[in-house]
Protein chains: 2
Amino acid sequence: MKKLINGVDTVVIDALRGMAAAHPSLRVDLDNKVIFRRDAPRRGKVGLVSGGGSGHEPLHGGFVGYGMLDAACPGEVFTSPVPDQVIEASKGVDGGAGVLHIVKNYTGDVLNFEMAAELCADESIEVASVLVNDDVAVRDSLYTAGRRGTGATLFVEKIAGALAETGAPLADVARIGREVNERSRSFGVALTPCTVPAAGKPTFELGDTEIELGIGIHGEPGRTRTSHRDAREIVRLAMDAIYDDLPLSGETLVLVNGMGGTPLMELYILFAEVSAYLHEKGATAVRSLVGNYVTSLDMQGFSVTVCRLTDELTRLWDAPVETPGLRWGR
Amino acid sequence: MKKLINGVDTVVIDALRGMAAAHPSLRVDLDNKVIFRRDAPRRGKVGLVSGGGSGHEPLHGGFVGYGMLDAACPGEVFTSPVPDQVIEASKGVDGGAGVLHIVKNYTGDVLNFEMAAELCADESIEVASVLVNDDVAVRDSLYTAGRRGTGATLFVEKIAGALAETGAPLADVARIGREVNERSRSFGVALTPCTVPAAGKPTFELGDTEIELGIGIHGEPGRTRTSHRDAREIVRLAMDAIYDDLPLSGETLVLVNGMGGTPLMELYILFAEVSAYLHEKGATAVRSLVGNYVTSLDMQGFSVTVCRLTDELTRLWDAPVETPGLRWGR
């Protein structure tokens with residue numbers, strides 16, 4: 001295993017030091033391992049907290065800032081954050097209007113965020129939660145009961161974050177987050193496994209001519225293994241899986257996401273195919289992101305996430321955002 | 001070789017189709033293979049044109065837009081664009097104030113941009129050029145006489161682009177581009193080779209415990225091969241090479257750049273070390289970028305680029321930019 005690290009035990013804290021050094025707009029609490037907006041808490045604004053295992057960067061820490069998250073709690077690599085992190089984050093962002101927890105549907109994340117929410121209630125912090133479960137690939141997996149949460153997490157964080165910035169109450173911010181999740185679906189494909197530093201070897205084996213369909217973001221097994229094929233055919237497999245679950249029409253927001261080791265050139269090739277597929281179905285990608293946003297360390301592969309937009313969601317998507325990983329139009 | 005492509009002969013055009021579909025702010029001329037700002041040419045504004053081999057995305061096409069490039073010419077993978085592309089691009093962005101060619105120092109790029117500049121002169125388009133040669137690793141290489149052009153290209157494109165946006169004349173825009181290049185130095189390190197689609201196999205072999213120091217952006221050999229080690233030590237090797245060439249002090253702009261296959265978490269770990277190194281030398285990274293900006297397909301590794309700032313350069317760096325790959329503060 002060759003990685004650009006100082007030791008397998010310090011990857012998370014060393015990366016947090018780097019984020020602190022690179023982004024003056026953030027306040028990184030190294031003791032509690034929480035990444036805050038520097039200006040948190042904002043009085044009267046709902047505070048948004050997310051978190052999950054490390055190794056998916058820029059998710060979540062890279063999405064802390066104006067118009068998106070107020071704090072993120074990075075767990076160890078592919079490991080849920082502990083409740084104490086979530087409590088510290090929630091306290092630190094509570095400006096009196098309550099706190100929204102955005103939780104990807106993995107058993108450990110769900111349990112730890114729930115425990116944190118209960119303890120926040122004891123301290124009179126009002127908490128609501130949005131559970132993200134957009135991955136159509138498998139119903140249950142090694143890490144999850146029900147669907148996994150993947151790319152739509154970014155959409156929920158951006159759109160709920162934009163609404164929170166307007167001063168909307170907690171119930172509304174939670175409602176829009178759930179709406180985004182309900183209108184979004186994802187599917188992932190891996191060409192290679194990834195290597196968790198502490199494990200030192202790939203999470204699974206995949207032959208030179210094989211791909212894994214319906215992969216999750218932790219290198220866990222997907223729906224099925226098949227032979228490698230053209231980008232066009234692979235996109236069709238992924239989009240059919242999404243379409244079977246949620247027929248697509250009208251205006252959509254599309255994320256073509258690299259898993260960490262995929263060249264951007266290939267992501268654009270995939271996007272062209274996704275766009276053509278949507279067109280064929282009478283839908284359009286009116287908003288899009290192409291790049292590495294919800295990654296699995298060094299895995300080669302991609303995921304595609306589609307959200308069926310409404311005017312309100314489009315407006316909130318377009319609203320200004322200023323984070324290390326997503327930034328526009330302030 | 002597993003890649004997310006439709007065929008080794010169509011990777012560039014397929015990726016251009018994806019860029020066209022994803023970015024309404026661009027006008028992609030598929031026949032001539034040129035990526036334009038949609039609003040080009042802008043009357044009275046110096047037009048900025050860059051280009052080079054594909055496989056380095058988001059460089060250059062991802063940097064076309066307000067405050068940066070007016071057009072980019074992607075060659076085939078790791079292959080210079082042909083003069084005709086550069087001529088089409090120059091014609092398309094000439095708003096009467098002349099055109100600046102930003103050229104990375106590779107023999108083919110230099111020759112083809114020079115030829116294009118001469119032909120532009122025949123058509124009464126005034127052209128000036130900035131040659132980028134920031135890589136301190138090797139004096140001559142397989143692809144280059146003199147130093148190679150790498151990460152500083154992004155700095156030149158951003159800062160010259162910002163000045164051009166103010167309506168500055170061609171001579172001034174060229175001057176600032178050269179100043180940025182002169183004040184910038186880079187060094188790259190590879191953990192793995194990359195695989196060019198048309199070749200179908202890695203550009204070189206590297207053992208399980210070896211790294212290549214002073215790598216270029218085409219998978220060409222570097223300065224030396226050594227044993228893999230901690231991020232801290234690797235950063236020291238890279239930064240010492242830069243420092244030996246250009247002593248660093250005061251305020252700097254730092255790019256910690258992934259080569260395409262490196263997890264963002266590792267880039268932040270590296271940034272923390274770069275920041276500590278600079279501090280030790282009495283310098284500070286007052287502006288920074290951490291991510292995949294000047295890549296080599298799926299290579300694992302990184303490069304670090306440092307620019308010694310002036311007040312003018314900092315102001316131009318901070319100026320609004322709106323491109324697919326770099327975007328802020330409009």
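**Two chains about an axis**

Good morning. Of the residues of chain A, A:Gly261 comes closest to the rotation axis, its C-alpha lying at 1.9 Å. What we are looking at is a predicted model.

Let me begin with that axis. Two copies of a chain are related by a rotation about an axis and a shift along it. In this model, a turn of 180° with a shift of 0.0 Å along the axis lays chain A on chain B, with an RMSD of 0.0 Å. That is the relation of a two-fold axis. Where the chains touch, 100% of the interface residues of chain A are interface residues in chain B as well, so the copies meet through the same surface.

I turn next to the cysteines. How many disulfides does the structure hold over all chains? There are 0. Consider B:Cys120: the closest cysteine sulfur, in B:Cys73, is 9.9 Å from its own sulfur, which is too far for a bond, since a disulfide requires the two sulfurs to be within 2.5 Å. B:Cys120 is buried, with a relative accessible area of 1%. A:Cys194 also counts as buried, because its relative accessibility is 0%.

My last residue is B:Asn105. In chain B, this residue is found in the loop between strand S5 (99–104) and helix H3 (107–122). Is B:Asn105 buried or exposed? It is buried, with a relative accessible area of 8%. Its side chain reaches two backbone oxygens: that of B:Arg147 at 2.7 Å and that of B:Ala145 at 3.0 Å. Beyond its neighbours within four places in sequence, B:Asn105 is in contact with residues including B:Val110, B:Leu131, B:Asn133 and B:Gly149.

Thank you for your attention.

Notes: Residues are numbered from 1 along each chain as its sequence is written. Chains are lettered from A and ligands numbered from 1 in the order in which they are written. This is a predicted model: local features need pLDDT of at least 70, side-chain atom pairs count only at pLDDT 80 or more; totals for chains, interfaces and linings use all residues. Side-chain values use heavy atoms; hydrogens and water are left out. Buried means under 20% relative accessible area, exposed over 50%, partly exposed in between (1.4 Å probe, protein chains only). Helices (H or I, at least four residues) and strands (E, at least two) are DSSP runs, numbered from the N terminus. A polar contact is a pair of N or O atoms within 3.5 Å; within protein, one must be able to donate a hydrogen and the other to accept it, and residues adjacent in sequence count only if both atoms are side-chain atoms. Contact means heavy atoms within 4.5 Å. Copies are superposed by least squares on the C-alpha atoms of residues with pLDDT of at least 70 in both.
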